[in-house]
Amino acid sequence: MGSGFSTYRPKAIYLDIDGRIQKVVFSKYCSSSDIMDLVCIATGLPRNTTISLLTIDDAMVSIDPTMPTNSESVLTQVAEQFSRAFKINELKTEVTNHLAMLEKRFELEGLKAVEIEKCKSDIKKMREEMTSRNNRTTCPCKYSFLDNNRKLMPQRDVPAYPKHVIITISFSISLQMLSCLEHMYHDLGLVKDFNINPITLKRWLLCIHDNYRNNPFHNFRHCFCVTQMMYCMISLCFLQEKFSQMDILVLMTAAICHDLDHPGYNNTYQINARTELAIRYNDISPLENHHCAVAFQIISQPECNIFSNVTTEDFKKIRQGIITLILATDMARHAEILDSFKEKMENFDYTNEEHMIYLKMILIKCCDISNEVRPMEVAEPWVDCLLEEYFMQSDREKSEGLPVAPFMDRDKVTKPTAQIGFIKFVLIPMFETVTKLFPMVEELMLQPLWESKNRYEELKKIDDAEKKVKHNNALLMTHKYLIIFLDHILKNL
């Protein structure tokens, strides 16, 4: 006699997971999503992963309580049910590819979800670094070359230079400059033409930023100004019609790297003080050689190698071009380079490689000392910064018993006297020569130089008049005291 209840057994299916047999048991009361979760767990995939079950002939099987069963024996015989429940290898590949795509997208979009926290961390690190630099007691020139290797690797995660992040003024300006430099490489087509990884470009720029010291003048802002002027000249003079893209890459990269790790003390000090740099480079452009060395030490790091996708032959050309331009920024070679360029100008040929090399050297020299081309409110603070750096050096030279250049001596130089000669005998002749090739330079760059010279000459006249008045007043006072002294003597006779 029956009990009135039928015997119920849970349903079981067997899955082939990369050759491993896995049994899955579920009741008729389970929903399709419950069974799907069980299958995902059995295969080691996250829940809610979209999967499909396939028979041996790749026919799809519905995943629900009414799905057909199989058995282990049938499974091992590869029979007519679904001996391979689903193609787990194909599914894993699909999931892996999808995750890789998401990770790449997450990276390229600049890690927006954690950007603010990373920026806060960056700010803290930069403040600590600036504090340590400001507290230095040793001479910043007498350092070991290897001591700076710690900065050649990226010291922090790569930010996306977002416009929406509100942070401190100093760090915000740095981010804006980095963002602008990155934009220049994209806008000039360099990222595309040389297959530069955008993330590598960001890391490289960050590493460049970290390897500029906090000098009054030769700092990362100077690097940015020089590069921005180069970018303007490329656009203003239509240089992409004259130069190859490799030449444009060399011009921009040399501008960015041209003063890397500048210690704030010039070549004259390095040579007279017999610093490590002067000894290493045999008194021949020690700073410029050092800038080149640091630049290519940074690029030698895989994480910062923006040239990783160029051929070996192209890299040699790029490297040689950058070195040539950075070495040309040594002002001790100014007359030599300008005179040679003027000779080429008599019959300049854009197809002549030597002519083009000298043109590139003149271009980076123009950009390097172009502050007076800018509006007065921008240019004049840079003069103050340069004089501050000069005075730091001359004070040190006096304390160490080294020769002091008159134009760097705080007791002898003034802002007008410092600028008039420099503009008149260095800047104007060089920009006048460039104007012969590129007439558009005259109005935007040469004319401001004439105006700046005239302004400083007026300031000098005012200074001279004030000095004359002070001198006359001093003579009058001396004469007055002399009369009083004589009168006193006569009364006592």
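Is Asp395 buried, exposed or partly exposed? At 31% relative accessibility, Asp395 counts as partly exposed. The model that gives this value is predicted.

## Overall build

The protein chain has 493 residues, and 46% of them count as buried. It holds 18 helices and four strands. Take the contacts with a separation of 6 or more: 71% of them are between residues 24 or more positions apart.

## Nonpolar cores

The largest nonpolar core has 92 residues. Four of its members touch the most other members: Tyr185, Trp204, Met252 and Phe431. Apart from this core lies another, of 16 residues. Leu15, Phe26, Cys30 and Met67 are among the members of that other core. In soluble globular proteins, nonpolar side chains tend to be buried together.

Met252 deserves a closer look. Residues up to four places away in sequence are not counted here. Met252 touches Met184, Tyr185, Leu188 and Leu190. Met252 also touches Thr227, Met230, Tyr231 and Ile234.

## Helix H17

Helix H17 covers residues 415–437, which makes 23 residues. From its first C-alpha to its last, H17 reaches 32 Å. That is close to the 33 Å expected at 1.5 Å a residue. H17 also has a kink of about 45 degrees, centred on Ile423.

## Salt bridges

The structure holds 15 salt bridges. One of them joins Asp395 and Arg410, with the closest N and O atoms 2.7 Å apart. This pair links distant parts of the chain, 15 residues apart. Asp395 sits in helix H16, and Arg410 in the loop between H16 and H17. Arg410 is partly exposed, with a relative accessible area of 42%.

A second bridge pairs the side chains of Asp384 and Lys415, at 2.8 Å from N to O. Asp384 lies in helix H16 (residues 376–400) and Lys415 in helix H17, so the pair ties together parts that are 31 residues apart in sequence. Asp384 is partly exposed, at 39% relative accessibility. Salt bridges that share partners join Glu380, Asp384, Lys415 and Arg455 into one network.

A third bridge stays inside one helix. The side chains of Glu276 and Arg280 meet at 2.8 Å, N to O. Both residues lie in helix H11 (residues 276–280), four residues apart, about one turn of the helix. An α-helix has 3.6 residues a turn, so residues three or four places apart point the same way. Glu276 is partly exposed, with a relative accessible area of 31%. Arg280 is partly exposed too, at 34% relative accessibility.

## The annotated site at His218

Which feature does UniProt place at His218? The unreviewed entry gives "active site" there. His218 is found in the loop between helix H7 (198–210) and helix H8 (220–236). With a relative accessible area of 15%, His218 is buried, because that is under 20%.

Leave aside the neighbours within four places in sequence. His218 is then in contact with Arg213, Asp259, His262 and Glu389.

## The loop between H9 and H10

Leu260 is in the loop between helix H9 (245–257) and helix H10 (267–272). Leu260 counts as buried, at 0% relative accessibility. Neighbours within four places in sequence aside, Leu260 is in contact with Ile208, Asn211, Tyr212, His290, His291, Val294, Ala295 and Ile298. One of these partners is 30 residues away in sequence: His290. Yet Leu260 and His290 are 7.9 Å apart in space, C-alpha to C-alpha.

Asp261 is found in the loop between H9 and H10 as well. Asp261 counts as buried, at 1% relative accessibility.

## Two positive phi angles

Most residues other than glycine have a negative phi. What is the phi of Asp261? It is positive, about 60 degrees, although Asp261 is not a glycine.

Ser285 is not a glycine either, and its phi is positive, about 40 degrees. Ser285 is found in the loop between H11 and helix H12 (286–299). At 11% relative accessibility, Ser285 counts as buried.

How values were computed. Residues numbered from 1 in each chain as written. Predicted model: local features only at pLDDT ≥ 70, side-chain atom pairs only at ≥ 80, totals over all residues. Heavy atoms only, no water. Core = buried A, V, L, I, M, F, W, Y, C linked by side-chain atoms within 4.5 Å. Buried < 20%, exposed > 50% of the residue type's maximum accessible area, 1.4 Å probe, protein only. Contact = heavy atoms within 4.5 Å. Helix = DSSP H or I, 4+ residues; strand = E, 2+ residues; numbered from the N terminus. Expected span 1.5 Å × (residues − 1). Bend = angle between axes of the 7 residues up to and from the residue. Salt bridge = Lys/Arg side-chain N within 4 Å of Asp/Glu carboxyl O. UniProt positions renumbered as here; feature names shortened; annotations may be inferred.
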